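Trainee: I have a new model open. Please show me how to read it.

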Amino acid sequence: MQQDEQAAEGLEPSLVGRASPPRPVRVEPEAVRRFARALGDPRADDPGWVPPTFPIRFGIWESGIPGLQLDLRRVLHGEQAFRYARPLRPGEELEVRSRVADVRRRKGSQGSLTLLDLEMLGVDAEGREVFAARTTLVVREGVGG
């Protein structure tokens, strides 16, 4: 078996439902400002503003989901969606947890692909949902490595 095939074997449907342990994150005001400026957001210097895509900084795929190991040289960002119960507030602390929502195999024109759907849920100190994020990653087999 080639090394490329071994790397893809770890992304199996049996990962669906596996979740990371909850971990605390803070919506750091300076990080928000830098993030907004990098986006060219005209509200970057508004002290009450957090861009809706800011939770991407919480690392949905770097969150310690048991059994999930990604070779980032093979990963393409396919899709991203956010849903909010309320806006994020600069300086607030949240607890986030990620889970594998789906794993699908596809044949592409240049070889096999694995589509990996990850979800992240952010809750406030009272346990109320603040946001949910969903990411689809495309993991190419036989590339890189």
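Mentor: We go through the sheet, then the core, then one helix.

Mentor: This is a predicted model, where local features need pLDDT of at least 70, side-chain atom pairs count only at pLDDT 80 or more, and totals for chains, interfaces and linings use all residues. Residues are numbered from 1 along each chain as its sequence is written, and side-chain values use heavy atoms, with hydrogens and water left out.

Trainee: In what order do the strands of the sheet lie?

Mentor: Strands (E, at least two residues) and helices (H or I, at least four) are DSSP runs, numbered from the N terminus. Two strands pair if DSSP finds at least two bridges between them. Here, 5 strands make an open, antiparallel sheet, in the order β1-β3-β4-β5-β2. Its edge strands are β1 (23–26) and β2 (75–84), each pairing on one side only. On average, neighbouring strands are turned by 30° against each other, direction ignored. For such angles, axes are lines fitted to C-alpha atoms, for helices over the stretch in contact; angles run from 0 to 180 degrees between N-to-C directions.

Trainee: How many bridges join β3 to β4?

Mentor: There are 13, and the two strands run antiparallel. They form a hairpin with 2 residues between them. V103 stands opposite L116 in β4. On the β1 side, 4 bridges join β1 to β3 (residues 93–108). One partner pair there is R23 with V96 in β3.

Trainee: Which residues have the most contacts inside the largest nonpolar core?

Mentor: A nonpolar core is a set of buried Ala, Val, Leu, Ile, Met, Phe, Trp, Tyr and Cys residues joined through side-chain atoms within 4.5 Å. Buried means under 20% relative accessible area, exposed over 50%, partly exposed in between (1.4 Å probe, protein chains only). The largest core has 27 residues, and those with the most contacts inside it are F54, F58, L68, V100, L116, L118 and F131. β5 (129–140) is among the elements that supply at least two residues; β5 gives the most, with 5 residues.

Trainee: Which residues of α2 are buried?

Mentor: They are A31, V32, F35 and A36. Seen down the axis of α2, the buried residues fall within an arc of 130°, so they line one face of the helix. The arc is that of the directions from the helix axis to the C-beta atoms. Just after α2, G40 takes a positive phi of about 75°.
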